[in-house]
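Colleague: I am new to this model and would like a close look at one part. Please take me through one helix, its neighbours and a few of its residues.

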Amino acid sequence: GFPPLSPANRRLRNELIEALAISAGLALLAVVVVAGLVTPLLVRPIRRLTSAVGALGAGSSYSQMAERAGPGELGELGQAFDAMAGALKRNEQLRRTMVADVAHELRTPIAILQGETEALMDGVREPTSETLASLHEEALRLGRMVEDLQTLASADAAGLSLERHPVDLA
């Protein structure tokens, strides 16, 4: 091996080891303090996003995430979540509008059928060929609407989407 160290070199070595141990301890303490300060800044947007996802999944109303998600990938994730939630909200509104429109369209032929058949049953009207033809026409109209709804449901189940683009009618 090595020749024995002089007392001055041993003391220098021990002081260097002691200084290195103190420096490592201070560095570790600094890392713990910085991590303690930075971690909440990183975790808070993730918790907000998790909460927003849970609320959206439970059907609650939704508030924008992007401005609170933070910079970088968390901000991008917040923007993607906002876009998804906006699309879900628009789709839900379209669904509600469609259901209301369908209900409105079905009411008219049903009301006509109901009124005409009640008038025939009560003897207020005589069962003429015109009355029966009108009732038949309304029944056919209802049948077409139900077929259209079935076609729409089948297209939706198959994942078909409407692609709109301009067409030259000339």
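Modeller: Helices here are DSSP runs of H or I with at least four residues, strands are runs of E with at least two, and both are numbered from the N terminus. The model is predicted, so local features need pLDDT of at least 70 and side-chain atom pairs count only at pLDDT 80 or more, while totals for chains, interfaces and linings use all residues. Residues are numbered from 1 along each chain as its sequence is written, and side-chain values use heavy atoms, with hydrogens and water left out.

The part to look at is helix α3, which covers residues 72–122. Helix α3 has 51 residues, and its first and last C-alpha atoms are 74 Å apart, close to the 75 Å expected at 1.5 Å a residue (the expected span is 1.5 Å times one less than the number of residues). After α3 comes Gly123, with a positive phi near 80 degrees.

Several residues of α3 are buried, where buried means under 20% relative accessible area, exposed means over 50% and partly exposed lies in between, with a 1.4 Å probe and protein chains only. The buried residues of α3 are Gly75, Gly78, Phe81, Asp82, Ala85, Gly86, Pro109, Glu116 and Ala119. Glu92, also in α3, counts as partly exposed because its relative accessibility is 28%. Gln114 belongs to α3 too and is partly exposed, at 45% relative accessible area.

One neighbour of α3 is helix α1, residues 7–57. The two helices pack at an angle of about 15 degrees, with their axes 11 Å apart; axes are lines fitted to C-alpha atoms, for helices over the stretch in contact, and angles run from 0 to 180 degrees between N-to-C directions. Helices α1 and α3 are therefore roughly parallel to each other (roughly parallel is under 35 degrees, roughly antiparallel over 145, roughly perpendicular 65 to 115, and the rest oblique). On the α1 side the contact is made by Leu42, Pro45, Ile46, Leu49, Ala52, Val53 and Leu56, and on the α3 side by Leu74, Leu77, Phe81, Met84, Ala85 and Leu88, where contact means heavy atoms within 4.5 Å. By class, these residues are 13 nonpolar, no polar and no charged; Ala, Val, Leu, Ile, Met, Phe, Trp, Tyr, Cys and Pro count as nonpolar, Asp, Glu, Lys and Arg as charged, and the others, Gly among them, as polar.

Another neighbour is helix α4, residues 129–157. Helices α3 and α4 pack at about 155 degrees, and their axes are 10 Å apart. The two are therefore roughly antiparallel to each other. From α3, the residues in this contact include Met98, Val102, Leu106, Pro109, Leu113, Glu116 and Leu120, and those from α4 include Thr131, Leu135, Glu138, Leu142, Met145 and Leu149. The contact of α3 with α4 has 14 nonpolar, three polar and four charged residues.

As for α4 itself, its 29 residues should span 42 Å at 1.5 Å a residue, and its end C-alpha atoms are 41 Å apart, which agrees. Thr131, Leu135, Glu138, Leu142 and Met145 are the buried residues of α4, and α3 is among what covers them. Gly159, just after α4, has a positive phi of about 80 degrees.

One pair of residues shows the packing of α3 and α4 in detail. Leu120 is in α3, and Thr131 is in α4. The two are 11 residues apart in sequence, and their C-alpha atoms are 9.1 Å apart. Leaving out residues up to four places away in sequence, Leu120 touches Arg125, Glu126, Pro127, Thr131 and Leu135. On the same terms, Thr131 touches Glu116, Leu120, Arg125 and Glu126. Thr131 counts as buried because its relative accessibility is 4%.

Two further C-alpha distances start from residues of α3. Glu92 and Gln150 are 58 residues apart along the chain, with 19 Å between them. Gln114 and Thr39 are 75 residues apart in sequence and 68 Å apart in space.
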